[in-house]
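Work through the following exercises with the sequence and the model open side by side. Each task is followed by a solution that goes step by step.

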Amino acid sequence: TVTNTGNLTAKNIQVTDSLSAKEGQVIATIDSLAPGASQEILFAYVVTEQDILNGKVVNEAAAKGETDDPDKKPEGGDEKEDETDDVDATLEVVKTSNKQEGQKAKLGETIEYTITVTNKGNVTVDDELTGLHETIDELGVGASESFTTTYTVTEEDILKGHVRNVATAEGDKVPDPKNPDDPKKPAGEDEQDDPTDEPDAS
């Protein structure tokens, strides 16, 4: 909200905002404001991952105009600070196999697993059963990446009655601006349990 608090009519008022696409860019122009008059300007900004890491969004708005007196150039500004959500370093790991519901795995059969990791970066994906070890350099918020890996059913699996496979994902620690001594560690896991054929001793 720009208000003319002086006693001269302000003209050609240039309004800038620090969070505009280019800092200091003019986001609106007010032709004139009589003394005591105000005008509201709507300005939208989308919160970024960096803002979350900063713990706040700081926004500075400024206005500068002219008057009929060339020596009098009205100007003013204000700052607004908004706290952001807490850092959330959750990784979602979803693991599936190519076995259909109720379908049993046979001795020597190859099971194919798909591991999908969703969210935030420098993620290492491990699957102990199949020996999978993959690294995702960076994974943006909401982004996903999938991997496939295989495992051959053994006699020991038949004796256990199932093949249980756990996939894990861990990322680099993310600094928390609201709790600097306790950075967040992105991590997640999921498992897939497939039944095997009954032991056959014939």
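A residue is called buried under 20% relative accessible area, exposed over 50%, and partly exposed in between. The model used here is a predicted one.

**Exercise 1.** Decide whether Tyr45 counts as buried, exposed or partly exposed, and say which patch Tyr45 helps to make.

*Solution.* Begin with the location, which for Tyr45 is the loop between strand E4 (38-39) and helix H1 (49-54). The relative accessibility of Tyr45 is 30%, and therefore this residue counts as partly exposed. Finally, turn to the surface, where Tyr45 joins Phe43 and Val47 in a nonpolar patch of about 240 Å².

**Exercise 2.** Determine whether Asn4 is buried or exposed, and do likewise for Asn7.

*Solution.* Asn4 lies in the loop between strand E1 (2-3) and strand E2 (10-17), and Asn7 is also placed in the loop between E1 and E2. Asn4 has a relative accessible area of 8%, so Asn4 is buried. If residues up to four places away in sequence are not counted, Asn4 touches Thr9, Ala10, Leu33, Ala34, Pro35, Gly36 and Ala37. Asn7, by contrast, has a relative accessibility of 68% and is therefore exposed. From C-alpha to C-alpha, Asn7 is 84 Å from Thr110, a residue 103 places apart from Asn7 in sequence.

**Exercise 3.** How many aromatic pairs does the structure hold, and over which ring does the charged end of Lys95 sit?

*Solution.* The count of aromatic pairs is zero. As for Lys95, its charged end sits over the ring of Tyr113, at 4.7 Å from the ring centre.

Definitions and conventions:
Residues numbered from 1 in each chain as written. Predicted model: local features only at pLDDT ≥ 70, side-chain atom pairs only at ≥ 80, totals over all residues. Heavy atoms only, no water. Helix = DSSP H or I, 4+ residues; strand = E, 2+ residues; numbered from the N terminus. Buried < 20%, exposed > 50% of the residue type's maximum accessible area, 1.4 Å probe, protein only. Contact = heavy atoms within 4.5 Å. Patch = residues over 30% accessible without salt bridge, like charges linked within 9 Å, V, L, I, M, F, W, Y side chains within 5 Å. Areas by Shrake-Rupley, 256 points an atom, 1.4 Å probe, with all protein chains shown as cover. Salt bridge = Lys/Arg side-chain N within 4 Å of Asp/Glu carboxyl O. Phe/Tyr/Trp six-rings, centres within 6.5 Å; stacked < 30°, edge-to-face > 60°. Lys NZ or Arg CZ within 6 Å of the ring centre and 35° of its normal.
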